Amino acid sequence: MQEEQIFEAYGPESGTSYRLSLALASAFPGKAVVAIAETFDLETYARAGGCTATPRATPHAQIEAGWRRNQGLWHSVVSGVFDVRWKEHDLVVAHARWVEGYRPTTSWFVIGGDRAVVDDFTSATCEFCNEPREAVLAFRGGCWQRDGEIYKAIQAASFEDLVLSGDMAREIRDDFASFLAAKAEYAKYQVPWKRGVLFVGPPGNGKTHCLRATIKMLDVPCLYVQSLKSRYETDDANIARVFDRAREVTPCCLVFEDLDALITADNRSLFLNQLDGFANASGMLTLATTNHPERLDPAILDRPSRFDRKYHFALPRAAERGRYITQWRERLDPAMRIEDAQVEALVASTEGFSFAYLKELFLSSMMRWIKTREECAMATVLDSQLQTLREQMKTDASPTPQAAATAEPLFDFP
Ligand SMILES: Nc1ncnc2c1ncn2[C@@H]1O[C@H](COP(=O)(O)OP(=O)(O)OP(=O)(O)O)[C@@H](O)[C@H]1O
Ligand SMILES: [Mg+2]
């Protein structure tokens, strides 16, 4: 069979990868040409010093730039050929990006005289790029992208400043740590080594904060699903891509924030199917949050094999409000500090406040105090802000400041 016939059989779009491979094979006769998709990223590996990569001037290297106010300009070669030096080996890597069936597609081709070296280099690069360092992978618009902003938010989170009722923080930490350490036990008793945990509760009580602190503690690759919608792909196709990628990097944690907004009647069936699919799901830790459990189908909420454990993040009771307000008092500048009696009064008068509202109370009071410092004591400012926020809580249809904020993207995307 002639190569052109094979290409014709693929069709003009899905044959791009075949054609590229063919072109590279004839440009590098006698060498192995191996294609690898998204798990590979030469630039990340080279930036970290794993190898050197020098883009060739010909064929034309397509360079794209990005810009951010605080970071300035950065560049990336989105299509081009690199000369690579890895250990004592010389290799060539080609990068190509095109649109296939409306979906942007990226492929890398690793080229070398010795197939074993090609495979070792590919494997070392993939291993490095999928370690839980530098960035988290976020799924949106139908594809995975490395996301340094989410990574930073995770690195900034800690259990230290999280106030949870009773022993919940310790339970959560032990739960995940013991799951990851128990691979051998699961295998011994032939129980699938996978776990699903759901954080449930009204807005602003620490689900996202705890999720980030947990991910940071786990130190396994994190895959963060932000949307299952994309312009040209069905939700089902995207769900399949999400789980396929997660299976490639296990043990890992797969995160679905605001699960009730992601899973609908139309895509639920495949989602459940993938969660249940024991095959190759070994080492998968699924973490999800919701503040609308009533919108989740009982098949998700109540079947233990899917989300085995639910942690409830309720509105803080007096004891938790006391701990949180005391934390704040300790952080305040001495000129703003409030008395013990005032802490107690605040605890009593903030019944029904979420942590996000309590935080807002302190932040807005500090700002007002700074403006009017000559005239008002901090306690007076706090009292007046408290009344304002109570009114806001009564009249505001969108329940808390945090809930309003989540209507916007959680993170600042590039
Ligand atoms: N239990 C808590 N202890 C300390 N700080 C908290 C706690 N809960 C929330 N906060 C603070 O309040 C803010 C909002 O919290 P977070 O985003 O975790 O809420 P959430 O439960 O995810 O809300 P939503 O359902 O709206 O997404 C964060 O700045 C967080 O640090
Ligand atoms: Mg949240």
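Colleague: Before the packing of H6 and H8 comes up, how are axes and angles defined here?
Modeller: The model is a predicted one. Axes are lines fitted to C-alpha atoms, for helices over the stretch in contact. Angles are taken between N-to-C directions and run from 0 to 180 degrees.

Colleague: At what angle do H6 and H8 pack, and how far apart are their axes?
Modeller: H6 covers residues 168-181, and H8 covers 207-218. H6 passes H8 in a right-handed crossing. The packing angle is about 35°, and the axes are 11 Å apart.

Colleague: Which residues meet where H6 packs on H8, and how many of them are nonpolar, polar and charged?
Modeller: From H6 come Ile172, Arg173, Phe176 and Leu180, and they meet Cys210, Thr214, Met217 and Leu218 in H8. Sorted by class, this contact has one charged residue, one polar residue and six nonpolar residues.

Colleague: What is the strand order of the open sheet of seven strands?
Modeller: The pairing in this sheet is mixed. From one strand to the next, the twist averages 20°. The order is S8-S7-S10-S11-S12-S9-S13.

Colleague: Why is one side of S8 and of S13 left without a neighbour in the sheet?
Modeller: Strand S8 spans 143-147 and strand S13 spans 309-312. Both stand at the edges, and each has a single partner strand, so one side of each has no neighbour in the sheet.

Colleague: In which sense do S7 and S10 run, and which residue of S10 stands opposite Phe139?
Modeller: S7 takes in residues 136-140 and S10 residues 222-225, with three bridges joining them. The two strands run parallel. Opposite Phe139, in S10, stands Val225.

Colleague: Which strands does helix H5 touch, and what angle does its direction make with that of S8?
Modeller: H5, residues 148-156, packs on the sheet. The strands touched by H5 are S7, S8 and S10. With the direction of S8, that of H5 makes about 55°.

Colleague: What angle does the direction of H6 make with that of S13?
Modeller: Besides meeting H8, H6 packs on the sheet. There H6 touches S9 (194-200), S12 (284-290) and S13. The angle between the directions of H6 and S13 is about 155°.

Colleague: Which residues come nearest to ligand 1?
Modeller: There are 21 residues around the ligand. By class, this shell has nine nonpolar, nine polar and three charged residues. Those that come nearest are Pro203, Gly206, Thr208, His209 and Phe355.

Colleague: Which helices each supply at least two residues of the shell around ligand 1?
Modeller: The shell draws at least three residues from domain 2 (148-312) and at least three from domain 3 (318-402). The helices that each supply at least two are H8 (207-218), H15 (355-371) and H17 (401-405).

Colleague: What distance separates the centres of domain 1 and domain 2?
Modeller: The domain assignment gives domain 1 as 3-129, domain 2 as 148-312 and domain 3 as 318-402. Taken over C-alpha atoms, the centres of domain 1 and domain 2 are separated by 32 Å.

Colleague: How many bridges pair S2 with S4, and how many pair S3 with S4?
Modeller: S2 (residues 52-55) pairs with S4 (residues 72-86) in the antiparallel sense, and Pro55 has Phe82 in S4 as its bridge partner. S3 (residues 62-68) is also antiparallel to S4, with Ile63 opposite Val77. S3 and S4 form a hairpin with three residues between them. The S2 pairing has four bridges, and the S3 pairing has seven.

Colleague: What is phi of Lys87, and where is this residue found?
Modeller: S4 and S5 (residues 89-100) run antiparallel and are joined by seven bridges, one pair being Gly80 with His95 in S5. Their hairpin has two residues between the strands. Phi of Lys87 is positive, in a residue other than glycine, and is near 50°. Lys87 is found in the loop between S4 and S5.

Colleague: Where do the cis bonds to Pro59 and Pro251 lie, and what are their omega values?
Modeller: Pro59 has its place in the loop between S2 and S3. Pro251 lies in the loop between H9 (235-248) and S11 (252-256). For the cis bond joining Thr58 and Pro59, omega is about -5°. For the cis bond from Thr250 to Pro251, omega is near 0°.

Conventions: Residues are numbered from 1 along each chain as its sequence is written. Chains are lettered from A and ligands numbered from 1 in the order in which they are written. This is a predicted model: local features need pLDDT of at least 70, side-chain atom pairs count only at pLDDT 80 or more; totals for chains, interfaces and linings use all residues. A residue is near a molecule or strand if its C-beta atom, placed from the backbone, lies within 6 Å of it. Ala, Val, Leu, Ile, Met, Phe, Trp, Tyr, Cys and Pro count as nonpolar, Asp, Glu, Lys and Arg as charged, and the others, Gly among them, as polar. Domain bounds come from an automatic or database domain assignment. Two strands pair if DSSP finds at least two bridges between them. Two residues are in contact if their C-beta atoms, placed from the backbone, lie within 7 Å. A crossing is left-handed if the near helix is turned anticlockwise from the far one by less than a right angle, and right-handed if clockwise.
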